[in-house]
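Welcome, and please load the model in your viewer. We will go from selection to selection, with a short look at what is there each time.

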Amino acid sequence: MRVIAWLVEGTWPACVDAVRAHVPESAEVMLLHVSGPDVPGLAHGAFAGLLGRGHPERDPGAMLETLGQGTAAGLLDAAAERLGRPCAREERSGRVEREVVAAAEGADLLVLARDGERSRLGPKSLGPAARFAVDHAPCPVLLVWPEPAPGLETIPPAPPRHR
């Protein structure tokens with residue numbers, strides 16, 4: 001059994017705990033972190049357009065990319081320690097939702113946490129990247145709440161029936 005646990009800042013402990021609770025010890029586990037191009041890309045663009053023509057060595061986008069890689073490595077290290085068993089680690093960068101789906105190819109299970117509105121039950125508890133991964137994953141998905149799930153009373157009332 002091959003399991004991918006998609007780790008995101010703020011919700012990763014719930015994914016690791018779900019793997020510990022629901023995945024057999026014999027499974028091959030890969031901890032995945034994906035960095036999007038948004039922040040470094042904005043810095044590259046702002047620098048090139050406003051400040052840095054002819055001075056690529058001063059581009060702050062490169063520094064942000066390096067900082068992001070260090071943060072991802074630290075997150076993966078903390079997750080591996082929390083998991084407490086052998087696992088692979090993978091860092092990817094690109095369109096987050098597409099990288100997650102690509103990483104899940106050939107996997108038997110993808111574990112991810114809700115990343116949207118978490119104060120009530122419903123479809124808004126998934127952000128766009130998580131929704132894409134759930135809808136397009138080429139394997140079964142285990143979707144976990146990063147904290148205790150809200151109660152059933154948070155479901156909006158049903159619309160009135162028309163006669």
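Start by selecting I4 and M30: M30, in β2, is the bridge partner of I4. Widen the selection to both strands, and you have β1 and β2 running parallel, joined by five bridges. Now trace the chain from β1 through α1 to β2; this β-α-β crossover is right-handed.

Before going further, keep in mind that this is a predicted model. Colour by confidence if you like: the chain has a mean pLDDT of 86, and 79% of its residues reach 70 or more. The stretch to treat with care is residues 39-44, where pLDDT stays under 50. For that stretch the model has 12 contacts beyond four places in sequence.

**The other side of β1**

Next, pick A5 and V111. A5 stands opposite V111 in β4, and three bridges join β1 to β4, again in a parallel arrangement. Is β1 enclosed or open to the outside? Four of its five residues are buried, so β1 is largely enclosed by the rest of the structure.

**The largest nonpolar core**

Select V3, L7, V19, V23, L31 and V111 together. These are the residues that touch the most other members of the largest nonpolar core, which has 22 residues. At least two core residues come from each of β1 (2-6), α1 (12-22), β2 (28-35), α3 (60-83) and β4 (109-113). Helix α1 gives the largest share, six residues. In soluble globular proteins, nonpolar side chains tend to be buried together.

Zoom in on V3 and show what surrounds it. Setting aside residues up to four places away in sequence, V3 touches V19, V23, A27, E28, V29, M30, L109 and V111. Then switch to W6, V100, A103 and A104: they are among the 18 residues of a second, separate core.

**Helix α4**

Now select residues 96-103, which form α4. Its buried residues are V96, E97, V100, V101 and A103. Look down the axis: these residues cover an arc of only 165°, which puts them on the same side of α4. Among the elements covering them are β1, β2, β3, β4 and α5 (128-136).

E97 deserves its own click. Why does this residue count as buried? Its relative accessibility is 14%, and the cut-off for buried is under 20%. Beyond its neighbours within four places in sequence, E97 is in contact with A129 and F132.

**Two loop residues**

Go to T11, in the loop between β1 and α1. With 7% relative accessibility, T11 counts as buried. Show its contacts, leaving out neighbours within four places in sequence, and you will find A113, R114, R118 and P146.

For the last stop, select C87, in the loop between α3 and β3 (88-93). C87 is partly exposed, with a relative accessible area of 22%. Add M30 and draw a distance between the C-alpha atoms: they are separated by 5.6 Å, although the two residues are 57 residues apart along the chain. Which residues is C87 in contact with, leaving aside neighbours within four places in sequence? The answer is V29, L31 and A80.

M30 also brings you back to the beginning of the tour, as the bridge partner of I4.

Notes. Residues numbered from 1 in each chain as written. Predicted model: local features only at pLDDT ≥ 70, side-chain atom pairs only at ≥ 80, totals over all residues. Heavy atoms only, no water. Core = buried A, V, L, I, M, F, W, Y, C linked by side-chain atoms within 4.5 Å. Buried < 20%, exposed > 50% of the residue type's maximum accessible area, 1.4 Å probe, protein only. Contact = heavy atoms within 4.5 Å. pLDDT = per-residue confidence, 0-100. Pairing = 2+ DSSP bridges. Right-handed = clockwise from strand over helix to strand, strands pointing away. Arc of directions from axis to C-beta.
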